[in-house]
Amino acid sequence: MIKHLRSKLAAAALIAAAALSGSAAHAQQKSEIALSRQPGIFYMPSHIMEKQKLIEKHAASLGVAGVTTKWITFSGGGAQTDALLAGGVDILNTGTGNLLLLWDRTRGGVKGIVATSAQPMTLISRDANIKSIKDFAPGDKIAVPTVKVSTQAIVLQIAASEAFGADQWSKLDANTVQLGHPDAYAALSNSKHEVHTHFSIPPFTFLELKNVPGAHVVLSSPDVMGGPLSQAQFFTTTKFADANPKIIQAVRDATKEAQDLIRSDTKQAVEIYKEITGDKTSVEELLDLLKEPGMMEWNLEPQGTMKFAAHLFKTGTLKNQPKAWTDYYLPVAHDLKGN
């Protein structure tokens, strides 16, 4: 499976290389920007940016008038990276694993802009026999957004290396199956479904613990990582960034404004999230959710990403080891205190 994945990524890198060395016309500044994200409250800053047209606002303040944005939702990061490399989207909002893999495979041709969120991920099971990571049998399925390369899949590898030994990091890879978070929630809610466990993100974490009989926490990402881990960040090709520096700055400025709104008027932020996503969870429940530990980690600086990168290099998934997080982030973020 990992060999197949590497082949796919190598092919993707060739596509990216072609895209990154495209014509001068293709490199010209764009006025219509396509951005993608995944489902979940991790991506709430992007919903605020869409509703309040914050990228358009900040681009205009930087002298770039007439910018429009199109937001596209994908079920997983793998589909997003495919779309970026194929030229279907300009900027992604997704996980650390996808950023690092594309940075590595494109030899620095893809880099981060800013982080958006670092809320906890939680491994949840409805199987009473699974109380810790050591309780998974070969047939026990674990839903993750993208096998092998999603943030959840890689955190599971780090947890496995700590539980079973450094050389056993891939022990649970064969247990993982690819399901978007809404589909994984539906699977856990169906007592007859073969998937009993989901490496979940909010709000699905809280919906599963509330609504799925027997659902319980096996582990959480802060336990594994020793602190917050950026779950979503904006990233793009350096080709696009070089041709559109004011758009890149506008994305940073818009992200900060959206994060500031979440902190200063959380109720309005939640209402916007509900409007854009159609999430049926009540405003009151979502506000309570955001009072849980770690749920207000809305920061521009990347968090926990170097430990993540070190694991990927150690296991051979990354061919190049970054010396600092600034290696895989654009200069627009280099003044931040990331890790």
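Is Glu285 buried, exposed or partly exposed, and what is its relative accessible area? In this predicted model, Glu285 is partly exposed, with a relative accessible area of 31%, and the legends below take up its salt bridge together with other close-up views.

**View 1. Glu285 and Lys210 meet through their side chains in a salt bridge.** The N to O distance of this pair is 2.2 Å. Because Glu285 belongs to helix 13 (residues 283-289) and Lys210 to helix 8 (residues 204-211), the salt bridge ties together parts of the chain that are 75 residues apart in sequence. The two partners fall into separate accessibility classes, since Glu285 is partly exposed at 31%, whereas Lys210, with a relative accessible area of 56%, is exposed. This pair belongs to a structure that holds twelve salt bridges.

**View 2. A salt bridge joins the side chains of Arg37 and Glu50.** Here the N to O distance is 2.6 Å. The pair links distant parts of the chain, with Arg37 placed in strand 1 (residues 32-37) and Glu50 in helix 2 (residues 44-51), 13 residues apart. Arg37 counts as buried because its relative accessibility is 4%, under the 20% limit for that class, while Glu50, at a relative accessible area of 24%, is partly exposed.

**View 3. Within helix 11 (residues 245-264), Arg263 and Asp260 are separated by about one helical turn, being three residues apart.** The two residues form a salt bridge in which the closest N and O atoms are 3.1 Å apart. Both partners are partly exposed, Arg263 with a relative accessible area of 40% and Asp260 with a relative accessibility of 30%. The view can be widened to take in Lys256, since salt bridges that share partners join Lys256, Asp260 and Arg263 into one network.

**View 4. Ser125, a residue of strand 5 (residues 122-125), is shown with its polar partners and its contacts.** Ser125 counts as buried because its relative accessibility is 0%. Its side chain takes part in a polar contact of 3.0 Å with the side chain of Thr197, and a polar atom of the Ser125 side chain also lies 3.0 Å from the backbone nitrogen of Asp127. When neighbours within four places in sequence are left aside, the residues in contact with Ser125 are Ile130, His196, Thr197, Gly214, Ala215, His216 and Val218. Thr197 thus appears both in this list of contacts and as a side-chain polar partner of Ser125.

**View 5. Strand 6 (residues 141-144) pairs with strand 8 (residues 195-200) and with strand 7 (residues 176-178).** Strand 6 and strand 8 run parallel and are joined by three bridges, and the pairing of strand 6 with strand 7 is likewise in the parallel sense, over three bridges. Ala143 can be followed across both pairings, for its bridge partner in strand 8 is His198, and in strand 7 it stands opposite Val177. From strand 6 the chain crosses through helix 6 (residues 151-164) to strand 7, in a β-α-β crossover that is right-handed. As a guide to reading such views, in a regular strand the side chains alternate between the two faces of the sheet.

Terms used:
Residues numbered from 1 in each chain as written. Predicted model: local features only at pLDDT ≥ 70, side-chain atom pairs only at ≥ 80, totals over all residues. Heavy atoms only, no water. Helix = DSSP H or I, 4+ residues; strand = E, 2+ residues; numbered from the N terminus. Buried < 20%, exposed > 50% of the residue type's maximum accessible area, 1.4 Å probe, protein only. Polar contact = N/O pair within 3.5 Å; in protein donor to acceptor, adjacent residues only side chain to side chain. Contact = heavy atoms within 4.5 Å. Pairing = 2+ DSSP bridges. Right-handed = clockwise from strand over helix to strand, strands pointing away. Salt bridge = Lys/Arg side-chain N within 4 Å of Asp/Glu carboxyl O.
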